[in-house]
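Notebook open, structure loaded. I wanted to look up a few side chains and rings and jot down what turned up.

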Amino acid sequence: MFIDTHVHLNAEQYQEDLQEVIDRALEAKVETMVVVGFDRKTIEKTMELVEQYDFIYGVIGWHPVDAIDCTEEDLKWIEELAAHPKVVGIGETGLDYYWDKSPKDVQQALFRKQIHLAQKVNLPIIIHNRDATADVVDILREENAASVGGVMHCYSGSVETARQCIAMNFMISLGGPVTFKNARMPKEVATEIPLEHLMIETDAPYLAPHPYRGKRNEPALVPLVAEEIARLKEIPIEEVANVTTANAKKFFRIDV
């Protein structure tokens, strides 16, 4: 059995065939899915999905790219929704210096606020990091994010940075890029970081694993991520499935 720890089933790309996508995931032994909402629209859809499906859980927060649009009212709303028993994390939050819609100082301020929110509601933080590793790690340290821990989502950084994050009570989550032929660092992380610190995800509909790269991703493909980790570690895929599933259940406090 597998858990897709980060998927956007709330995305427009699934409007036409969401049930079929979910059915394919279950057929592929993906027993649990954690749907991530990152703005008003996707958070609302996330809450609908957690009510509709026993095996879907939610993470809610505000994406750094859209930090400039987030209001204090939005943060209060997220805090209220976080009381729902099937909301298991705050995020995805963090920093994204690739896109320039939101200035760095605005992103950083919102990132700190969401860490504080996560601490207030005692939920882990799901981190989005693009081209901002040093600042992300610094802010996590400065704000004592280790007090609640979290996930470095779709991790693409170095083994050294992964170890720094693990020391702060964070899990390392690998997605489709670990299967890409040119993805040196994710492969190094998959090889070097012990399995008890790893989780797997799709980030669907984005970042489909090889051989589906460039196509719409979906949770049914998360076993391909596990397969590549198993190949790199030279262990059975069943071991990767069992350990990453146990990691995710413990981390998100999911009792299934």
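**Arginine 130.** I started with the contacts of arginine 130, leaving out residues up to four places away in sequence: it touches Leu95, Asp96, Tyr97, Tyr98 and Trp99. Worth keeping in mind for every entry here: this is a predicted model. Arginine 130 itself lies in strand E5, which covers residues 125-130. I then checked how far arginine 130 is from leucine 95: they are 35 residues apart along the chain, yet their C-alpha atoms are separated by 6.5 Å. Is arginine 130 buried or exposed? Neither, as it turns out: its relative accessibility is 34%, so it goes down as partly exposed.

**Aromatic pairs.** Next I looked at rings. How many aromatic pairs does a search of the whole structure find? It finds three. One of them joins tyrosine 98 and tryptophan 99, edge-to-face, with 5.0 Å centre to centre and 90° between the planes. I looked up accessibility for both partners. Tyrosine 98 has a relative accessible area of 45%, so I noted it as partly exposed. Tryptophan 99 comes out at 49%, also partly exposed because the cut-off for exposed is over 50%. Both of these residues are on the list of arginine 130 contacts too.

Another pair I wrote down is phenylalanine 251 with phenylalanine 252, again edge-to-face, at 4.8 Å centre to centre and 85° between the planes. Here I got buried residues: phenylalanine 251 has a relative accessible area of 14%, and phenylalanine 252 has 3%. Buried means under 20%, so both qualify.

**Lysines over rings.** I also looked for charges sitting over rings. The charged end of lysine 104 is over the ring of tyrosine 97, 4.5 Å from the ring centre. Tyrosine 97 had already come up as a contact of arginine 130. For lysine 86, the charged end sits over the ring of tyrosine 57, and I noted 5.1 Å to the centre of that ring.

**Aspartate 39.** Last entry. Where does aspartate 39 lie? I found it in the loop between strand E2 (30-37) and helix H2 (40-52). Its side chain makes a polar contact of 2.7 Å with the side chain of threonine 42. Leaving out residues up to four places away in sequence, aspartate 39 touches Gly61 and Trp62. I checked alanine 25 as well: it is 14 residues from aspartate 39 in sequence, and the two are 25 Å apart in space, C-alpha to C-alpha.

Key:
Residues numbered from 1 in each chain as written. Predicted model: local features only at pLDDT ≥ 70, side-chain atom pairs only at ≥ 80, totals over all residues. Heavy atoms only, no water. Phe/Tyr/Trp six-rings, centres within 6.5 Å; stacked < 30°, edge-to-face > 60°. Buried < 20%, exposed > 50% of the residue type's maximum accessible area, 1.4 Å probe, protein only. Lys NZ or Arg CZ within 6 Å of the ring centre and 35° of its normal. Helix = DSSP H or I, 4+ residues; strand = E, 2+ residues; numbered from the N terminus. Contact = heavy atoms within 4.5 Å. Polar contact = N/O pair within 3.5 Å; in protein donor to acceptor, adjacent residues only side chain to side chain.
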